[in-house]
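Reader: I am new to this structure. Please choose a single part of it and take me through that part closely, with its partners and the spaces beside it.

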Amino acid sequence: MTRLEAINPEETTGSTSELFAGIKSKLGVVPNMMRTMGNSPALLEAYLNYSEALGHGTLGAKLGELIALVVAEANQCQYCASAHTFIGKKMAGLDERKMAAARVLDSIDPKTDAALRFAYAQVEKRGRVSDEDIEHVRDAGFTDGEIGEIIGHVALNTLTNYFNNTALTEIDFPEVQLVSKSIV
């Protein structure tokens, strides 16, 4: 049972209606998370703008989706694990093996592994990562700007994880089960 109401896009007015129209034009539908965020047009607009800005970053859609998956597992958000498994496959062109590996921090390739372990450390250590955590991701070839983007992706996905875990948003993507309470 959901705890926050998902708004029907046909029953909205004002800025929420405009935001929903933009989402529908891009995605063809307004997913339940965004319909629920629509209760606060400010939150929905902030989420959309933040997501769009990171989409123009240097990390790319594939790594962004893999980060979303590891963060969803770390925060135990089934809605986001389901959504990003679907988006990763259908929109970012990720294969099932890489997505499954990301969810449990199994090896993909050294550079991706470093980014995902750093993202996981961000969640687990609440941003208080060690010098060694920074050096490991830097040694894998990430610039300070890219490290900042990884942190940005972690923050964006933590927002959606917390929102969906609180709202108990109804999953409107093919449902995936969370892997475990602790992935490392």
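Author: Helices (H or I, at least four residues) and strands (E, at least two) are DSSP runs, numbered from the N terminus. This is a predicted model, in which local features need pLDDT of at least 70 and side-chain atom pairs count only at pLDDT 80 or more, while totals for chains, interfaces and linings use all residues. Residues are numbered from 1 along each chain as its sequence is written, and side-chain values use heavy atoms, with hydrogens and water left out.

The part chosen is helix H9, which covers residues 144–167. Its packing against helix H7 (110–124) offers a starting point. The axes of H7 and H9 are 10 Å apart, and the helices pack at an angle of about 50 degrees (axes are lines fitted to C-alpha atoms, for helices over the stretch in contact, and angles run from 0 to 180 degrees between N-to-C directions). H7 and H9 are therefore oblique to each other (under 35 degrees is roughly parallel, over 145 roughly antiparallel, 65 to 115 roughly perpendicular and the rest oblique). From the H9 side, Ile147, Ile150, Ile151, Val154 and Thr158 meet Ala115, Phe118, Ala119, Gln122 and Val123 of H7; contact means heavy atoms within 4.5 Å. This contact holds 8 nonpolar residues, 2 polar and no charged ones (Ala, Val, Leu, Ile, Met, Phe, Trp, Tyr, Cys and Pro are nonpolar, Asp, Glu, Lys and Arg charged, and the others, Gly among them, polar).

Another partner of H9 is helix H4, residues 61–74. The axes of H4 and H9 come within 9 Å and cross at roughly 50 degrees, which makes H4 oblique to H9. H9 brings Ile150, His153, Val154, Asn157, Thr158 and Asn161 to this contact, and H4 answers with Gly64, Ile67, Ala68, Val71 and Ala72. Here the division is 6 nonpolar, 5 polar and no charged residues. Ile150, Val154 and Thr158 thus take part in the contact with H4 and also in the contact with H7.

H9 also borders the second largest pocket, which has about 210 Å³ of space. A pocket, on a 1 Å grid over the protein atoms alone, is an open set of points where a 1.4 Å probe fits, with protein on both sides within 12 Å along at least five of seven lines, and lining residues have an atom within 4 Å of a point; its volume is the space filled by probe spheres set on the points, which are joined across faces, edges and corners. Among the lining residues are Ile151, Val154, Thr158 and Tyr162, together with Gln122 and Val123. H9 gives the largest share of this lining, 4 residues, and H7 and H9 are the elements that give two or more residues. By class the lining has 4 nonpolar, 4 polar and 2 charged residues. Val154 and Thr158 therefore recur: both lie in the contact with H7, in the contact with H4 and in this lining.

The largest pocket, with a volume of about 1200 Å³, touches H9 as well. H9 is among the elements that give two or more residues to its lining, with helix H1 (14–27), helix H2 (32–37), helix H3 (41–55), H4 and helix H5 (78–90). The largest share there, 8 residues, belongs to H3. Overall, the lining of the largest pocket divides into 22 nonpolar, 12 polar and 7 charged residues.
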